[in-house]
Amino acid sequence: MSSSETLAPAGILTPRDDDDVRDIVASAVAASAPIEVIGHGSKRLIGRPVQAAATLDLSALTGVTLYEPEELVLSAKAGTSVAEIGALLATHGQELAFEPIDYGPLFGAPAGRGTLGGLLAANLAGPRRIKAGAARDHTLGLHAISGRAEAFKAGGRVVKNVTGYDLSRGLSGSWGTLAVFTEITLKVLPVAETETTLALAGLDATAAVAAMTAAMGSSADVSAAAHLPSAIAAALPGASLGAGAVTLLRLEGIAPSVAARVTALSAVLAPLLAAPVEAEASRDLWRSIRDVVPLAERGDPIVWRVSVAPSAGPVIAAAAERLGGAWMFDWAGGLVWVSLPDALSDAGAPALRAAVAAAGGGHATLIKAPAAVRALVDPFEPQPPALAGVTRRLKEVFDPRGVLEPGRMYAGV
């Protein structure tokens, strides 16, 4: 593919290697023609709609290029599906410990379509975020093409590899606006031998956060904590959970350790406990929470992802209820998913962001909404002036012509 190739309006360009990607970006720079960057498009509807001259489709840039199970390291091309990587790791009893969310179900699309590049671009994480961190915390290195059409690499294939700026972490969560990832190296970890989930019945939001906070602060080494009110708890898999609101605490590890910790934590929580959820049933339960299936099944047109201090979770839940919406807690109350039934012109943004500010600050991200709403409402939390200035300068350094996903995260950037 020649760098002189003209970008066709709304055309789809499918590179086969890093050189193709560089040529496409160079052509976009020469023509001052914005491009959209996608893998399989599972997160395409998150953020502002991008008016692009062409789409850079990385779905053919696939393949695991390095996997050393003994060294707990894997490298793959950016278009490689996360499901394919997960299946390969499973054959060696390993996994991506941050258990990244699959956004497919939330948008009514098939599961398993997310790619490795999208995983890092969105800095994905799941319920184990409170213990294991997010995608950026497991990224060892990457290869990428900047908005200047310059190829660069950062990090390496070992944990202690950083000198100077840690671009692997710094570019995570940039949603394709600074660089196009072409290859990523991740740290992988062994899958826990077993797991058990303790379920607490009938708590309201405030009592649930208190129970989850106590459990997280105990010696039980809880790896995930979530709460679902009765209105949506019925959508969870597992008949043993019963009816009504449910609060869930996951313990993982080798069998004797899990058994001992379950016994110790159960003694403290005994009056509220329902039957424990074991092994594979527990895994199914947390996959449902990871992918926000209870809210996805409602099919509401608006979904928010609100990150606050766990103690502020009930404040956000109350705001969601005033808007006529549903909600659920992950991360011990620090992550509140909010689903709103009506395509409000403002998506409930003023009310939710006022609640976030009143609760001490955080981030409210509009994950799902009609395109017209996403064009009017800031999908990502508005930045204070100083931070917005840093964002603009980073864009100027990595993508001075503004050809990569312009405006997707912030208007004019």
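Me: Which helices and strands each supply at least two residues of the lining of the largest pocket?
Reply: This is a predicted model, where local features need pLDDT of at least 70 and side-chain atom pairs pLDDT 80 or more, while totals for chains, interfaces and linings use all residues. A pocket here is an open set of points on a 1 Å grid over the protein atoms alone where a 1.4 Å probe fits, with protein on both sides within 12 Å along at least five of seven lines, and lining residues have an atom within 4 Å of a point. Helices (H or I, at least four residues) and strands (E, at least two) are DSSP runs, numbered from the N terminus. The elements you're after are helix H5 (167-170), strand S15 (302-308), strand S18 (362-368) and helix H14 (385-398).

Me: Which element gives the most to that lining?
Reply: Residues are numbered from 1 along each chain as its sequence is written, and side-chain values use heavy atoms, leaving out hydrogens and water. Look to the stretch 385-398. With seven residues, the top giver to the lining of the largest pocket is H14.

Me: Which residues are the closest to the centre of the largest pocket?
Reply: The largest pocket has a volume of about 1300 Å³, counted as the space filled by probe spheres set on grid points joined across faces, edges and corners. It has 42 lining residues, and the closest to the centre are Arg-136, Ser-172, Gly-173, Ser-174 and Met-409.

Me: How many residues in the lining of the largest pocket are charged?
Reply: Nonpolar covers Ala, Val, Leu, Ile, Met, Phe, Trp, Tyr, Cys and Pro, charged covers Asp, Glu, Lys and Arg, and the others, Gly among them, are polar. That lining has 24 nonpolar and eleven polar residues, and the charged ones number seven.

Me: And in the second largest pocket, how many lining residues are charged?
Reply: This pocket holds about 760 Å³ of space. Its 31 lining residues include Gly-86, Glu-95, Glu-99, Arg-287 and Arg-290, which lie nearest its centre. The lining has 13 nonpolar and six polar residues, and its charged count is twelve.

Me: Which element provides the largest share of the lining of the second largest pocket?
Reply: Elements giving two or more residues are helix H2 (82-90), strand S6 (94-95), strand S13 (246-253) and helix H9 (279-290). The largest share is six residues, and it comes from H2.

Me: What radius of gyration does the protein have?
Reply: The radius is taken over C-alpha atoms, and the globule rule is 2.2 Å times the number of residues to the power 0.38. With 413 residues, a compact globule would be near 22 Å, so the protein agrees at 22 Å.
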